[in-house]
Amino acid sequence: MFDSSALLRQRFAGLRSTAELFSLRHVKQSHQALSVRRNVAEPPVFSHDEGAMLTVRVNGVEAYAATADLSQTGLQRALEQAEALARQIAPYSLLDLREQPATSARHDHISPNFDQPVPSLADCLGLLAAESASVPKDSRLVDWQASLGLSLVEQTYLNSAGAELRHAQRFLFPGLSVTASDGQDSQSRSLGRDNFGQQGGFEIVERCGLVGAARLVADQALQLLLAPNTPSGARDLLLMPDQMMLQIHESIGHPLEMDRILGDERNYAGTSFVKASDFGHLQYGSELLNVTFDPTIGEELASYSFDDDGTPASKQFLIHNGLLLRPLGGALSQFRSGLDGVANSRACGWNRAPIDRMANLNIEPGDQSLDQLLQGIEHGILMRTNRSWSIDDARNKFQFGCEWGQLIENGELKGIVKNPNYRGISAQFWRNLAAVGDRSTFQVLGTPNCGKGEPNQVVRVGHASPACVFRQIDVFGGDA
Amino acid sequence: MKDVFEALIADVRLYLQADEQFTLGYSAEQSQFVRFNHAKVRQAGEVSQASAQLRLIHDGRQAEQQVTLSGDAQLDRQRLIAALEQLRQTLPLLAIDPYLRLDESAWHSHSQQEQPLPALSEVLALLEREAGDLDLVGIYAAGPICRGFASSFGAIGWHQANSFNVDWSLFHENGEAVKANYAGQRWSADDFTARLRLAREQLSFLGRPAVTLKPGSYRAYLAPAAMDEIAGMLCWGGFSAQALATGNSALQRLYNGDAQLHPMVSFSEQVSGSLSPAFSDEGSPRLDVPLIQQGNAMQRLVSARSAAEFELRANGADSYESPCALSLAPGNLPSEQILKRLSTGLYISNLWYLNYSDLPAARMTGLTRFATFWVENGEIQGPVSTMRFDDSLYSLLGSQLEDLTREREMILSTSTYGQRSTGSSHLPGALVKGLTLTL
């Protein structure tokens with residue numbers, strides 16, 4: 001761990017610059033992707049990536065240069081490129097950052113169980129093969145796949161104000177999916193995949209429930225194939241955590257990103273229905289809604305001590321009892337807007353600059369068990385596991401679809417329905433939050449695939465949530 | 001950069017053992033990225049990156065490793081050798097891969113285009129002059145892109161091009177916006193200026209009083225950029241041999257012969273003449289492939305792996321079996337008659353954030369974004385606020401399709417996830433009798 005630190009320190013100390021502030025962010029990451037599809041192992045894919053971004057501030061104007069050449073000459077060249085660029089864009093620069101303070105913090109952050117070994121590649125493949133082989137033989141089961149992604153990331157941030165911030169993290173992404181088809185219709189059921197990932201060791205695979213799950217997942221895919229379509233109309237909606245994470249992500253997370261509110265993303269990821277003046281005033285949801293930026297849950301995907309700009313990370317309520325309090329805005333956005341934010345300035349790697357991103361964005365648990373949530377529903381539907389997501393560029397009008405639906409009548413779960421979709425408007429939807437599950441319904445989930453930014457970046461984000469009930473939501477099925 | 005690639009090939013050959021085979025992919029770019037907000041520079045940087053994708057094949061087994069290259073020949077050789085060694089140790093742990101198929105032909109392909117790119121100072125000054133008074137937001141991305149491929153069978157491909165992509169929006173003070181793009185390999189300050197001025201003209205329409213629509217079915221014109229979003233959904237497994245064989249394609253009913261699109265609809269993968277490399281990431285020469293002809297399914301995109309698994313013939317598709325240069329044949333509607341033929345309905349410049357609400361039924365949902373107008377009797381009345389649609393492809397490009405435009409637009413991908421994309425699409429606009437708006 002941190003094998004490069006001494007050399008990086010030495011080379012950073014050897015850099016020469018006239019900039020008032022400069023930094024080096026070195027990122028080394030490796031990834032291993034294993035998969036067994038229809039009982040055949042796909043070729044394993046490994047990757048090793050390493051490089052550094054040099055960022056300078058010259059007369060209040062910042063610019064960067066990213067390079068994989070980590071020699072003294074290579075780093076110095078990148079630093080000078082960044083300096084030249086900062087001077088070139090100065091007449092056109094949007095921001096004057098001369099007054100923005102720089103961090104001088106020094107800290108190491110390491111994932112839980114980082115040092116615990118994971119099983120060998122052969123053992124991992126064996127585990128996936130066994131899971132794949134346990135999918136029952138049925139001609140309607142046309143596709144299935146068991147997969148395991150493993151990523152290691154080490155980052156070192158050094159700046160000319162004396163900061164040295166390092167983190168070493170390990171991420172696992174177990175997954176399983178089964179598709180059933182009758183030639184006309186097809187239905188898929190999955191576990192993990194894009195809806196689940198955590199930091200830590202191999203205990204994550206156990207927490208995901210991958211081992212031994214294939215038979216049940218396959219059976220559920222077949223049940224869906226035979227199920228009627230979701231009926232149309234207004235119903236109470238019980239969302240389980242693996243759909244809540246998407247609901248939080250799209251209709252709370254993105255609209256609260258301060259760079260969107262400041263207009264940076266209007267050409268690509270979009271803007272927000274939330275205005276800067278709404279913080280401290282807007283009743284975002286019902287009084288049951290409590291949303292936190294929480295980097296302290298060790299296993300959650302985006303737990304860290306400092307963000308990529310060097311801001312210390314701590315748990316903060318973004319929404320408390322339904323009232324909107326603060327945005328997802330890192331140090332730069334806080335400087336630009338004058339609002340208190342959080343430590344969420346993040347980059348996907350050494351070749352992209354940090355911007356405001358979601359990190360761990362969670363809903364705090366309430367006080368009702370799953371049985372109590374069900375009992376409070378007279379005419380409703382339970383949905384679990386996201387499969388489709390679409391929301392407007394202001395993050396207001398949304399339509400989401402799930403893999404699994406189950407009708408609820410008079411407090412009891414009834415028949416399974418396929419193609420469960422629902423639509424709504426963010427600004428109204430959260431005000432319909434009628435019940436929040438307790439800790440027994442709470443799950444720590446996350447996705448490796450949150451895209452945003454120009455140039456584009458994909459980052460890992462964590463979402464932990466209980467099951468939640470929303471009153472009178474417009475639900476509907478598919479055509480098939 | 002080609003000499004760097006050739007040195008890597010030589011290194012791999014040198015350290016290869018008897019009976020081992022390899023493929024080596026190469027990707028590199030030097031990029032200037034400049035983001036704008038309020039017509040000022042929000043963030044600027046330069047990125048220099050290169051990577052090699054080494055696949056080792058031995059005894060019916062294969063594994064792949066991607067390594068970032070530093071630019072230092074000796075260090076990169078060490079990284080490649082280390083990758084080779086890790087792959088060599090991995091292969092015995094694997095079962096024989098029944099779907100391993102290799103293109104053993106010694107094909108050669110070479111394309112090198114070094115048209116000069118503009119100086120950044122020229123771009124910044126031009127933007128300041130033409131749009132300094134506007135609320136412009138977007139990105140300028142430019143620089144050389146290289147892709148290479150080599151195999152132990154003697155295949156070698158090289159693709160190098162300088163390219164630029166300026167992608168921007170102009171925002172009206174009422175929050176409405178018009179989207180524009182200027183991209184390619186041959187920079188012309190005059191052409192860029194013309195695009196900027198056209199966008200400025202379009203902005204004036206957005207100041208008219210907004211029109212509010214209720215959910216329902218509306219006659220609509222979908223501009224090529226909006227069609228690109230629909231085509232993008234089809235690229236997401238629609239034509240993939242694997243997805244079609246496993247119930248995961250939105251076009252499975254079309255390819256099963258259970259559904260048809262309008263006879264005017266002919267899609268093809270048109271690699272020749274596009275900006276994409278002439279070879280796939282798997283190391284096969286790409287082919288022009290007719291996908292849908294006159295509304296009926298034709299070929300599918302077949303990778304070497306799918307060819308083995310589903311007993312098909314590979315046709316140069318990437319491993320993901322997604323088109324890189326999707327083309328939709330033109331129709332008969334002259335562009336200057338779009339408003340007249342639309343008469344009363346929606347003029348939709350762009351769509352946004354599409355996804356499937358029912359994949360086997362090819363039913364998709366998404367939203368209008370940027371300049372969408374309500375038109376009455378061929379006259380633009382005013383902008384329409386964001387609306388959601390939810391409709392089937394078999395309706396939009398089937399029973400409800402009235403015409404496609406005679407002129408098409410070549411749309412170059414603005415994607416920069418990981419690296420700058422070389423993908424493109426060549427699409428007409430579409431006039432449809434009914435588009436279902438739901439929210």
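In this predicted model, a convenient place to begin is a pair of strands, one from each chain: β3(A) and strand β3 of chain B (residues 61-68) run parallel to each other and are joined by four bridges. Within this pairing, S47(A) has Q66(B) as its bridge partner in β3(B). In a regular strand, side chains alternate between the two faces of the sheet.

The pairing belongs to a wider meeting of the two chains, in which 64 residues of chain A are in contact with 76 residues of chain B. On the chain A side, strand β3 (residues 45-58) supplies the largest share, with seven residues. Sorted by class, the residues of chain A that touch chain B comprise 26 nonpolar, 25 polar and 13 charged.

Attention can now turn to chain A itself. Its domain assignment gives two parts, domain 1 (4-226) and domain 2 (233-476). The centres of these domains of chain A, taken over C-alpha atoms, are separated by 21 Å. Where the two domains of chain A meet, 38 residues of domain 1 are in contact with 33 residues of domain 2. The side contributed by domain 1 of chain A has 15 nonpolar, 19 polar and four charged residues.

A database record adds a label here: UniProt, in an unreviewed entry, lists residues 237-475 of chain A as "domain: Metalloprotease TldD/E C-terminal". This span of chain A is 14% helix and 37% strand, and the C-alpha atoms at its two ends lie 8 Å apart.

Two strands of chain A offer a closer look at a hairpin. Strand β22 (residues 443-452) and strand β23 (residues 457-465) of chain A pair in the antiparallel sense, with eight bridges between them. One residue of the pairing, T447(A), stands opposite V461(A) in β23(A). Four residues lie between β22(A) and β23(A) in this hairpin, and in the turn G453(A) has a positive phi of about 90 degrees.

Chain B provides an example of helix packing. Two packed helices are described by the angle between their axes and the distance between the axes. For helix α3 (residues 120-131) and helix α4 (residues 189-205) of chain B, the axes come within 10 Å and cross at roughly 30 degrees. The crossing of α3(B) past α4(B) is right-handed. On one side of the contact are E122(B), L126(B), E130(B) and A131(B) of α3(B), and these meet A189(B), F192(B), T193(B), L196(B) and R197(B) of α4(B). By class, this contact of α3(B) with α4(B) has five nonpolar residues, one polar residue and three charged residues.

Terms used: Residues numbered from 1 in each chain as written. Chains lettered and ligands numbered in written order. Predicted model: local features only at pLDDT ≥ 70, side-chain atom pairs only at ≥ 80, totals over all residues. Contact = placed C-beta atoms within 7 Å. Nonpolar A, V, L, I, M, F, W, Y, C, P; charged D, E, K, R; others polar. Pairing = 2+ DSSP bridges. UniProt positions renumbered as here; feature names shortened; annotations may be inferred. Domains from an automatic or database assignment. Axes fitted to C-alpha atoms, helices over the stretch in contact; angles between N-to-C directions. Left-handed = near helix turned anticlockwise from the far one by under 90°.
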